[in-house]
Amino acid sequence: MDIDFDGRVAIVTGAGGGLGRTYALDLASRGAAVVVNDLGGSVDGKGGDDSAAQKVVDEITAKGGQAVPSYDSVSTPEGGESIVKTAVDAFGKVDVVINNAGILRDKSFTKLEWADLDAVLDVHLKGAFYVSQPAFKVMKENNYGRFVFTASNATFGNFGQTNYAAAKMALVGLSNTIAVEGARNGILSNVIMPVAKTRMTEELLGAFADKLAPELVTPMVAYLCSEKCTTTHGAYSAAGGRYARVFWGLGQGWFAGKDAHPAAEDIAEHFAQIDGQDGYIVPGSTTDEIMALAGLFT
Ligand SMILES: NC(=O)c1ccc[n+]([C@@H]2O[C@H](COP(=O)([O-])OP(=O)(O)OC[C@H]3O[C@@H](n4cnc5c(N)ncnc54)[C@H](O)[C@@H]3O)[C@@H](O)[C@H]2O)c1
């Protein structure tokens, strides 16, 4: 295999089923030692069952691969520390983290209860922090790391998913900043936006569901976690065999002029230019916007 993970150690959260299971199986088949983490709860994050992670570990070891289970929840600092410790104790390091664990608590905005907000932020957003920070410390020492964070096309806006969309968009900011902070230590960070038929989505995907196998997302994630990948700070949609960049861009806009004091009326007058998408850049950090501004001010 051209892309292999020989000698690499990977953590995949939420790997007891759905997309995470396919990532764990693929990385293990390519030589990675894998921590298969899963709490084994329901789609809405209730309950727990150790057998979910154990079954995937058994699948990997039956094929001659290396894997250990982790039943910790990503949603507490202790859980995150313990998941990373499981990797270090079993395999000596962490090279790859795929932050994939997730739940849904869909409700229209007026009906959303704070418990639904907290549960979704705790798993998707805080969970990604709790696993990634201890892993980042290990990667920094080894001057090598690959993070994949799992966002969603819900970030484009989706009825009934304010909590989920907000958590997923926040992960883009987290990944972009880890990409900036990790650059000097060989740590790359990217975002996957999958569309796949799993227990989470089978009732939501409609007519195309059978075209959207999770295994069609796996190659993109495996590439992003590999040594071959040199890109960082990216976000990629993977859906039914179509792979595409998703980006957060900055338009050229309208410049009121040096020392100008524009009013709301000036904004209205120039709104088409402000709103335009021609000549946008995709900033790699805040510095890129500051540099673009510097060009206007000097
Ligand atoms: N399937 C899609 O089309 C789709 C689209 C966009 C985003 N996603 C995201 O992809 C990821 C995987 O989802 P999936 O579709 O495979 O669903 P899934 O329900 O099959 O997998 C999610 C896994 O995360 C585990 N999990 C939940 N809370 C956990 C916790 N606190 N700690 C550890 N594990 C926990 C679950 O037990 C489950 O096995 C999620 O982050 C989801 O939001 C999926």
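A polar contact is a pair of N or O atoms within 3.5 Å; within protein, one must be able to donate a hydrogen and the other to accept it, and residues adjacent in sequence count only if both atoms are side-chain atoms. This is a predicted model, where local features need pLDDT of at least 70, side-chain atom pairs count only at pLDDT 80 or more, and totals for chains, interfaces and linings use all residues. Residues are numbered from 1 along each chain as its sequence is written, and side-chain values use heavy atoms, with hydrogens and water left out.

**Exercise 1.** Find polar partners of the ligand in Tyr164, Ala196 and Val74.

*Solution.*
- Start with Tyr164: one of its polar side-chain atoms sits 2.5 Å from a ligand oxygen.
- Next, a polar backbone atom of Ala196 is 2.8 Å from an oxygen atom of the ligand.
- Then try Val74, whose polar backbone atom is 3.1 Å from a ligand nitrogen.

**Exercise 2.** Work out whether Cys225 and Cys229 form a disulfide (a pair of cysteine sulfur atoms within 2.5 Å).

*Solution.*
- Searching the whole structure turns up zero disulfides.
- For Cys225, the nearest cysteine sulfur belongs to Cys229, 8.4 Å away.
- Cys225 is buried at 0% relative accessible area, and Cys229 is buried at 1%; buried means under 20% (1.4 Å probe, protein chains only).

**Exercise 3.** Describe the surroundings of Thr218.

*Solution.*
- Its relative accessibility is 5%, so Thr218 counts as buried.
- The Thr218 side chain reaches the backbone oxygen of Pro214 at 3.3 Å.
- Leaving out residues up to four places away in sequence, Thr218 touches Thr22, Tyr23 and Asp26, with contact meaning heavy atoms within 4.5 Å.

Key. A disulfide is a pair of cysteine sulfur atoms within 2.5 Å. Buried means under 20% relative accessible area, exposed over 50%, partly exposed in between (1.4 Å probe, protein chains only).
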